[in-house]
Amino acid sequence: MRPLQMATGPSARSTADHRAVGTTDHEDLLATLLAARDDDGGGASGMSDAEIRDQLLTFLFGGSETMANTLAWAVHLLAGHPDAERRLHAEVDSVLAGRDPAYQDIGQLPWTQRVITEAVRLYPTGWMFTRTTTKDTVLGGQAIPARTTVIYSPYLLHHRGDLFTEPKRFGPDRPQPARGAYIPFGAGARQCIGDAYALTGAVLTPAAIAARWRLIPAPGQPLRATVQTTLVPHPLPMRTALRSDARVQGPAVTPAALASRYQASIRTAERLIAKARTRPERPAVLAELVVEPDAMRTVGINGQPSNPGDPGQLAGAA
């Protein structure tokens, strides 16, 4: 596998531009990172350009596939639980009243938040994490030397019957889990830096969709929870249906129009990539990941088939 090739020129220039005009003139992620200070260093030291670049990459690229998988699992589960879906529609209609969702609406969408939280419990996209011990310790009665890599699975933890009642059931109304029982983003000092960012998008996106549309699974397509780098629902063909009781204002955007917009964005990206490759003196802010087929083998075995009403069972992850 060839390494990840990252063009750093424009990102470095953008960082320099932000530093030159001062961080208060921008209300974006880059400005927030530039303004961050290390508490351990007396609050005087900030991050280097290289550290800021790495943080930006974590946010932008680390949250793309995981977000898509989370939303896919959520709509799959809602399709099999019409009562939960109707409650989501009622909440979205009441809060948004036909307008697009905004960040300020998150606190007014508790059921939508619970739907996402439960979807992530059942199907955490980060199904396996690792940690390295910094000193000799004992875990579960097992002695573990320092510098040992420990593997743990949020998926297996989230499906333990001693921690969750009916762990395989999709229940957005279930009580708050015990501390340490729910860790879709990891925990401790190495917890995912983008957890709040991911949950914000994961709540607002289905709210925007549910305000107008219903997503209905295609018949005769058993779903498998496929263990790859992330936990992927495959296959998941669905069709869109316009809600007859929707309160969204303005003309409906048809699925065909949405598909056309998507194809147009793909063509635009292809043109930008082609242009960047012909102008090496001005590299684009794009990442090119070249992967050999054998280098991205799935880590485990495909899960057991499930119906929309049954979260199913992941195989090969023990």
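This report walks through a predicted model of one protein chain, from its overall make-up to a few single residues.

## The chain as a whole

Let's start with the big picture. The chain holds nine helices and 10 strands. Of its 318 residues, 32% are buried. Its accessible surface is about 19100 Å², and carbon and sulfur atoms supply 54% of that area.

How much of the contact pattern links residues 24 or more positions apart? Among contacts in the chain with a separation of 6 or more, such pairs account for 67%.

## Two helices to look at: α4 and α5

Find helix α4, residues 64-79, in the viewer. With 16 residues at 1.5 Å a residue, α4 should span 22 Å, and its end C-alpha atoms are 23 Å apart, so the two values agree. Many of its residues are buried, including Met67, Leu71, Trp73, Val75 and Leu78. The buried list for α4 also includes Asn69, Thr70 and His76.

Now move to helix α5, which covers residues 82-96. Its 15 residues reach 21 Å from the first C-alpha to the last, close to the 21 Å expected. The buried residues here are Ala84, Glu85, Leu88, His89, Glu91, Val92, Asp93 and Leu96. A general rule is handy when you read such a list: an α-helix has 3.6 residues a turn, so residues three or four places apart point the same way. Which elements do the buried residues of α5 pack against? They pack against α4, α6 (110-122), α8 (195-210) and the strand β6 (213-217).

## The nonpolar cores

In soluble globular proteins, nonpolar side chains tend to be buried together. In this model, the largest nonpolar core has 30 residues, and Val92, Tyr123 and Leu231 have the most contacts inside it. The elements giving two or more residues to this core are α4, α5, α6, α8 and β7 (224-227). A second core, separate from that one, has five residues, among them Leu30, Leu34, Ile52 and Leu56.

Val92 is a nice residue to click on, as it ties two parts of this story together. Val92 is one of the buried residues of α5, and it is also among the residues with the most contacts in the largest core.

## A hairpin and a buried asparagine

Strands β7 and β8 form a hairpin, with three residues between them. The two strands run antiparallel, and four bridges join them. To see the pairing, look for Thr226, whose bridge partner in β8 is Val232. Ala225, in turn, stands opposite Pro233 in β8.

Is Asn69 of helix α4 buried or exposed? Asn69 has a relative accessible area of 7%, under the 20% cut-off, so it counts as buried. Its side chain makes a polar contact of 2.9 Å with the side chain of Thr230. Leaving aside residues up to four places away in sequence, Asn69 touches Thr125, Thr230, Leu231, Val232 and Pro233. Two of these names should be familiar: Val232 is the partner of Thr226, and Pro233 stands opposite Ala225.

## Unusual backbone spots

Most residues other than glycine have a negative phi, and most peptide bonds are trans. This model has some exceptions that you can look up. Ala97, which follows α5, has a positive phi of about 50 degrees although it is not a glycine. Ala97 is found in the loop between α5 and α6 and is partly exposed, with a relative accessible area of 34%.

Glu166 also has a positive phi, near 45 degrees. Its place is in the loop between α7 (154-158) and α8. The relative accessible area of Glu166 is 48%, which lies between the 20% and 50% cut-offs, so this residue is partly exposed.

The peptide bond from His234 to Pro235 is cis, with omega near -15 degrees. Where is Pro235 found? Pro235 is in the loop between β8 and β9 (238-242).

## Far in sequence: Asp100 and Ala211

For a last stop, go to Asp100 in the loop between α5 and α6. Its relative accessibility is 66%, over the 50% cut-off, so Asp100 counts as exposed. Asp100 and Ala211 are 111 residues apart in sequence, while their C-alpha atoms are 8.4 Å apart in space.

Definitions and conventions. Residues are numbered from 1 along each chain as its sequence is written. This is a predicted model: local features need pLDDT of at least 70, side-chain atom pairs count only at pLDDT 80 or more; totals for chains, interfaces and linings use all residues. Side-chain values use heavy atoms; hydrogens and water are left out. The expected span of a helix is 1.5 Å times one less than its number of residues. Buried means under 20% relative accessible area, exposed over 50%, partly exposed in between (1.4 Å probe, protein chains only). Contact means heavy atoms within 4.5 Å. A nonpolar core is a set of buried Ala, Val, Leu, Ile, Met, Phe, Trp, Tyr and Cys residues joined through side-chain atoms within 4.5 Å. Two strands pair if DSSP finds at least two bridges between them. Accessible areas come from the Shrake-Rupley method with a 1.4 Å probe; for residues, only the protein chains shown count as cover. A polar contact is a pair of N or O atoms within 3.5 Å; within protein, one must be able to donate a hydrogen and the other to accept it, and residues adjacent in sequence count only if both atoms are side-chain atoms.
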